[in-house]
Amino acid sequence: MLRRPAYRRALVFCGLIGIPVSLLAFWFLVALHELEHLIWVDWPHHLGWTDPPWWWPLPLALVSGVVVAGVVLRFPGRGGHIPAAGLHSGGPSKAVIPGVAVAALASLPLGAVLGPEAPLIALGGGLALLFRDLVRAPATEASTALLGAAGAAAAISAIFGNPLVAAVLLMEVAGVGGPQLFAVMLPALLSSGVGAIVFTGFGRWTGLKTDSLSIGLPAPPVLDAGDVLWAVLMGLVIGAAVHWVIVGGRIAARFVSVHPLRNTVLCALGAAGCAALYAVITGRSPSEVSLSGQATLTQLAAHPHAWSVGSLVAVLAFKTVAYALCLGSLRGGPTFPALFLGGAVGVLVSPLPGLGVVPGMAAGMAAASAAALRLPVSCVVLVVLMVGHMGSVPVIILAAVVSFVTTELLPQGPEIPAFNAGGAAAGRGPRPASSRP
C-alpha cells in the first residue's frame, strides 16, 4: 500500500490536516476549561462564596437543557450522538460542526456529567473534511473515511494528551478488523496480564532475574495475590454496575425522545438536583457531582484520605444517577465520569485486606471505563498512562477484561431512538452489534 502514490499523498495530507485540527481542538478545550472555571469558581468567589452554593447547578441545568434540546431539534446532526450509545467515529460530516460545538458548550461547562472526547471526535472528523473541501482535494469514499479518522485522532489526542491513546482508541472505535479484532485481542490481552503476574511472581519467589527491557526507572509498588483477587472481583462488580448505568442512560434517551424539549430539561434538572442534594447532605461542593469529574479525580488521587467514607458513598450514589441522566439527554462523552466512579470505588475499597489505594484505583478505573466504552485495549492503555507506572498493569488488564466480558454477557438494554453525529441510527453500544465476537 505504501508504494501507491495516492496513499502516500493521502498520508502527507493527513499529517498536514492534523496541524489545524489539533490547534482548533486545543482552543476548543481551552474554551471549555475557561468557561467551567468562570462558572464554577470565579462567579461564586465574586459573589462571596468559597464553593458554589447547593442550588448553583439548577439554573445552569435549565439553560443547558433548553439549549441542547434546541440544537437537537434544529441543527444538522442533532448535536452529536447520544452519549449512552458509546463512542463513534463513523459518518464524519462538516455539516454537524456547529451543532456539536454549541451542544458541547451548552452541556459540559454548565454541569453535564460528561467529558469532551465524543464532541472532539465529531469535530475532528468534520474539520478534516472541511479543510479538504477548502483546498479542493478529491472527495472519495475512501478519502472521507481516512481523513475523518485522521481528524478525529488529531482532535482526541488533545484531551488525552497522548497520541498512542488516540490511535488505539480510534482503531477500536472504528472497528478495524471487525469481530476478529476482539476475538483475537481479548484472549491476547488476558493472557498477557496473566503472564505478567506469573512472571512477576516467579521473579519475587525465586530471586532469579532475566533480561528485560527495563532501563532502571524507580520500582513501582509490588503487587501481591490480594491485588489480583480484588482486581478480578472489582472487574465483575464494577463492570455490572456501570453496565446498568449505561442501560439507565438508554432508558433516559427513550424518555427524552418522547418530548425532546421538556424531557431534556427534566433530565438536566434531575442531574443538577443530584448535585444539589449531595451538597446539602455532605456540605461539599456540588461540582464534585456535576461536571466530568476529571479535575476531581486528580484531587482524589492526590489526597484520597481527605474524603470520608460517607462522602465517597454519597458522591458515588449521586454522581451515578446524574451520569445516567446526562448519558441519555445532554451531549458529551462517557469516559471521564466512568473513570472517576471507578477511581472513587477503588479508594473506597482500598482498606480491604491485601489491596491498597494505587491498585484499587487502577483496577477501578480500568473496570469502569471498559464497561462504559466497551473498548478494553484502549482503556488499558489509557489507565496505564494515567497511573504513570507499569507496576499495576496486570491488575488493570484483569479488571478491564473481566469487566468487558461481564458487560457483553449481560442484557444490553433498549435501542436508542436517536441519531449519531453523522446522521446514522445509533446502535445498542459503542460499536454495531454485528461486530461483537
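How much space lies in the second largest cavity? About 90 Å³ is the answer, and we will come back to that cavity once the overall fold is in view. Keep in mind as you look around that this is a predicted model.

Let's start with the chain as a whole. The protein chain has 437 residues, and 51% of them count as buried. Its secondary structure consists of 15 helices, with zero strands. If you take the contacts in the chain with a separation of 6 or more, 78% of them join residues 24 or more positions apart.

Helix 4 is a good place to pause. It covers residues 117-134, and at 1.5 Å a residue its 18 residues should span 26 Å. The C-alpha atoms at its ends are 25 Å apart, which agrees with that expectation. Of those 18 residues, 14 are buried, so helix 4 is largely enclosed by the rest of the structure. After the helix comes Arg136, with a positive phi near 60 degrees.

Now for the enclosed spaces. Searching the whole structure turns up four cavities of 30 Å³ or more. The second largest of them, with its space of about 90 Å³, has a lining of 15 residues. Helix 2 (57-74), helix 9 (260-282) and helix 11 (309-327) are the elements that each give two or more residues to this lining. If you want to find the middle of the cavity, look for Ala61, Leu110, Gly111, Ala112 and Ala268, the lining residues that lie nearest its centre. What is the chemical character of this lining, divided into nonpolar, polar and charged residues? There are 12 nonpolar residues and three polar ones, with no charged residue.

The open spaces deserve a visit too. The second largest pocket has a volume of about 740 Å³ and is lined by 31 residues. Nearest its centre lie His33, Glu36, Leu291, Gln294 and Ala295. Which helix gives the most to this lining? That is helix 1, which contributes nine residues. Helix 1 spans residues 5-46, and it is joined by helix 5 (141-160) and helix 10 (294-302) in supplying at least two lining residues each. By class, the pocket lining holds 15 nonpolar, 12 polar and four charged residues.

Next, a look at the cysteines. A disulfide is a covalent bond between the sulfur atoms of two cysteines. The structure holds zero disulfides. Why does Cys326 not form one? Its closest cysteine sulfur belongs to Cys267 and is 8.4 Å away, too far for a bond; the cut-off for a disulfide is 2.5 Å. Cys326 counts as buried because its relative accessibility is 1%, under the 20% limit. Cys379 also has a relative accessibility of 1% and counts as buried.

Our last stop is a loop. Gly354 sits between helix 12 (335-349) and helix 13 (357-373). Is Gly354 buried or partly exposed? With a relative accessibility of 35%, Gly354 counts as partly exposed. Follow the chain back to Ala225 and you will have covered 129 residues in sequence, yet the C-alpha atoms of Gly354 and Ala225 are 7.5 Å apart in space. Leaving aside residues up to four places away in sequence, Gly354 touches Asp224, Gly226, Asp227 and Trp230.

How values were computed: Residues numbered from 1 in each chain as written. Predicted model: local features only at pLDDT ≥ 70, side-chain atom pairs only at ≥ 80, totals over all residues. Heavy atoms only, no water. 1 Å grid on protein atoms, 1.4 Å probe; cavity = no way out; pocket = protein on both sides within 12 Å on 5 of 7 lines; lining within 4 Å. Points joined across faces, edges and corners; volume = space filled by probe spheres on them. Helix = DSSP H or I, 4+ residues; strand = E, 2+ residues; numbered from the N terminus. Nonpolar A, V, L, I, M, F, W, Y, C, P; charged D, E, K, R; others polar. Buried < 20%, exposed > 50% of the residue type's maximum accessible area, 1.4 Å probe, protein only. Expected span 1.5 Å × (residues − 1). Contact = heavy atoms within 4.5 Å.
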